[in-house]
Amino acid sequence: MELFLQYFFSGLTVGAIYALIALSFNIIYNTTSILNLAQGEFVVLGGLVMWFFLEKLKLPYGTSFLLSLSIGGLVGLAMERLTIRPVLKTADPLLLILITIAFSILLRGVLMFLFGKEPYGYPPLSEGEPIVLWGAVLQRQVIWIFIFVILIMIFLYVFFNQTMFGRAMKACAIDRVSAKLMGIKTTQMVMVSFILSGIFASLAGILITPITFVEYDKGPLLTIKGFTSAILGGLGSNWGVMAGGFLLGILESLTAGYIHSGLKDVLALLILLTMLLFKPAGLFQTAEQARLRKL
Amino acid sequence: MLQIRGLDVYYGKLHILKKVSLHVNKGEIVALLGANGAGKSTLLNTLIGLIVNQGGEILYQGQYIHTLPPEKRVALGITLVPEGKGIFKPLTVEENLILGSYSWYSFRKAKLLKETLEEVYTLFPMLKIRRKQLAGTLSGGQQQILAIARALMSKPSLLLLDEPSMGLAPNLIKEIFQYIQKLKRELKLSILLVEQNARSALSIADRAYILETGKILFEGDAPTIAGHPEVQRAYLGRDIDADVPL
Ligand SMILES: Nc1ncnc2c1ncn2[C@@H]1O[C@H](COP(=O)(O)OP(=O)(O)OP(=O)(O)O)[C@@H](O)[C@H]1O
Ligand SMILES: [Mg+2]
């Protein structure tokens, strides 16, 4: 039982990170129908930039944290301005997805050039003994990760249900033409979605690095994990994809614990293929609901 | 109020609107009639800026607007209720209405939003009762009313309606047309009404245009158009709601 709980907690931890990546996928997907396959690189960017501010420049933790999030958002903005905006109107979705792959290669190259190939790490948000809960050990950073995920959920809820701007983004996701008829500038929504997406993905990197270290080429695997989570939970719904993230994290951790740790990454690919073949709309929504979202 | 001169619109190589000229005066209902595929929706979509015209000009309140993007035109007071209503089905009735105010809303105008919402609810009490309901669960007629109400939320001076009676039962069509008349009378709106139900449209319109394969064929006062033998033969003979005079 303790062992199970231990696996479960570590699954929740990884799952929280997957949930954030899946969320960043979804936010862009909703406004543009693009799958941003550079998402994993934004996670790496968050971790590396955080290291730079915290360890290299010796800035305080909070300052480094906010600066790193801003860089994540800014790179998201730059990506949208330089690579997506110029072709969004004319290019078909496949070309746009290829562009995001090109951007991921570029970003990875820049990160390798700036940081080299070695792994980076820094201390967790708060030092102290791990917490023991029903016999399972929980690092303090994990608690922080959960706190941040809950904060993000509250933010999403308030943003999309209580603010005009969030509602406009939802409208844009449901029906772009009707959104335009409301006077909504849809290109602006696209821009904001890239900024938010960059922030959420780099937050994932900032939070996970004290636990797992980060190196420049971790991006593609994280992209796959985030994408699998999004497909598992059903692209389109923020809550769905986040649930997908936690589910994938827990399944992975149980597989690694009870069967073999080498199967962990295979499992994600297996889930991805199975879902795409048999239930592309995800576990929590019907194809009809998925279609309604994307008109 | 609105003046269109020599409008040319193409879909690729297809010439859809051919030198169309038309105007709407302040406070009048103008009906735009024509068969399927004549280009009526294309004209409205061009007016709001979803489609860009290759030739001609659009003047609105003395200002050229044909180079402006849709959001600027909405901000100037033009609103389109599109064919098929375009409501946000997964959102609640109230969220749909709130989105209608996007063009003028700012944080400081939260109070004005509440008031405008109440005004619209007074006009359409049915929507107030159903305000928490998902828009997709409304009946077709209720969705059409929601679409019109949402358009009013933008505080327009010119309302473009694309076949508001499409797919509705005759008694509902009558109700929608009565609402449109009310908008003109009480809110002093100028309305450009695209319809296939020519007879009903002509009965509430001040003037009318007949569009045929991208060209204006006839124009004139609604009674004159209604009495025109060729119009009667081509457009009024097979009116769906011919038996339901208003
Ligand atoms: N996206 C498009 N690409 C190419 N041709 C189009 C497109 N949309 C419409 N058309 C063509 O333009 C012409 C005018 O279409 P439009 O929708 O404006 O007609 P309409 O008068 O609104 O007809 P209806 O009464 O059926 O709504 C039609 O021949 C149609 O086939
Ligand atoms: Mg039409």
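Here are four short exercises, each with a worked solution, on a predicted model.

**Exercise 1. The two domains of chain B**

Work out which residue ranges make up each domain of chain B, and find how much area is buried between the two.

Solution. Start with the ranges. Domain 1 of chain B is put together from 1–76, 157–163 and 191–239, while domain 2 covers 78–155. Next, look at the spacing: the centres of the two domains, taken over C-alpha atoms, are 25 Å apart. At the contact itself, domain 1 of chain B brings 17 residues and domain 2 of chain B brings 10. Now for the area. About 1,200 Å² is buried between these domains, and carbon and sulfur atoms give 61% of that. On the domain 1 side, three residues stand out: Val74(B), Leu159(B) and Asp162(B) supply 35% of the area buried against domain 2, more than any other three residues.

**Exercise 2. What the domain 1 side is made of**

Say how many salt bridges are counted between the two domains of chain B, and which element gives the most to the domain 1 side.

Solution. Take the charges first. The count of salt bridges between domain 1 and domain 2 of chain B is zero. Polar contacts do turn up, though: there are six residue pairs, with both residues at pLDDT 80 or more. Then go through the elements. Helix 1 (40–48), helix 2 (70–75) and strand 7 (158–162) of chain B each supply at least two residues to the side of domain 1 that touches domain 2. Strand 7 of chain B gives the most, with five residues. Finally, sort that side of domain 1 by class, and you get 11 nonpolar, three polar and three charged residues.

**Exercise 3. Where chain A meets chain B**

Describe the interface of the two chains: which residues of chain A lose the most area, and how many salt bridges are there?

Solution. Begin with the contact, where 22 residues of chain A meet 22 residues of chain B. The area buried between the chains is about 1,900 Å², with 77% of it from carbon and sulfur atoms. In chain A, the residues that lose the most area to chain B are Met164(A), Leu181(A) and Met182(A), which together make up 40% of what that side buries.

Now the salt bridges: two are counted between the chains. One of them links Glu95(B) with Lys170(A), whose closest N and O atoms are 2.8 Å apart. Two residue pairs are also in polar contact, both residues of each at pLDDT 80 or more.

Last come the elements. Helix 5 (140–162), helix 6 (164–174), helix 7 (176–181) and helix 8 (186–212) of chain A each put at least two residues on the side that touches chain B. Helix 6 of chain A gives the most, with seven residues. Sorted by class, this side of chain A has 13 nonpolar, four polar and five charged residues.

**Exercise 4. A sheet in chain B**

Trace the open sheet of four strands in chain B, and explain why strand 2 and strand 5 each have one side without a neighbour in the sheet.

Solution. Write down the order, which is 2-1-4-5 with antiparallel pairing. Strand 2 (14–24) and strand 5 (63–64) of chain B are at the edges with a single partner strand each, so one side of each has no neighbour in the sheet.

Then check the pairs. Strand 1 (residues 2–11) of chain B runs antiparallel to strand 2 and is joined to strand 2 by seven bridges. Here Tyr10(B) sits opposite His15(B) in strand 2. The hairpin of strands 1 and 2 of chain B has two residues between the strands, and Gly12(B) takes a positive phi near 65 degrees. At the other edge, strand 4 (residues 55–60) and strand 5 of chain B pair antiparallel over two bridges, and Tyr60(B) stands opposite Gln63(B) in strand 5.

Notes:
Residues numbered from 1 in each chain as written. Chains lettered and ligands numbered in written order. Predicted model: local features only at pLDDT ≥ 70, side-chain atom pairs only at ≥ 80, totals over all residues. Heavy atoms only, no water. Domains from an automatic or database assignment. Contact = heavy atoms within 4.5 Å. Buried area = accessible area lost by both parts, 1.4 Å probe. Salt bridge = Lys/Arg side-chain N within 4 Å of Asp/Glu carboxyl O. Polar contact = N/O pair within 3.5 Å; in protein donor to acceptor, adjacent residues only side chain to side chain. Nonpolar A, V, L, I, M, F, W, Y, C, P; charged D, E, K, R; others polar. Pairing = 2+ DSSP bridges.
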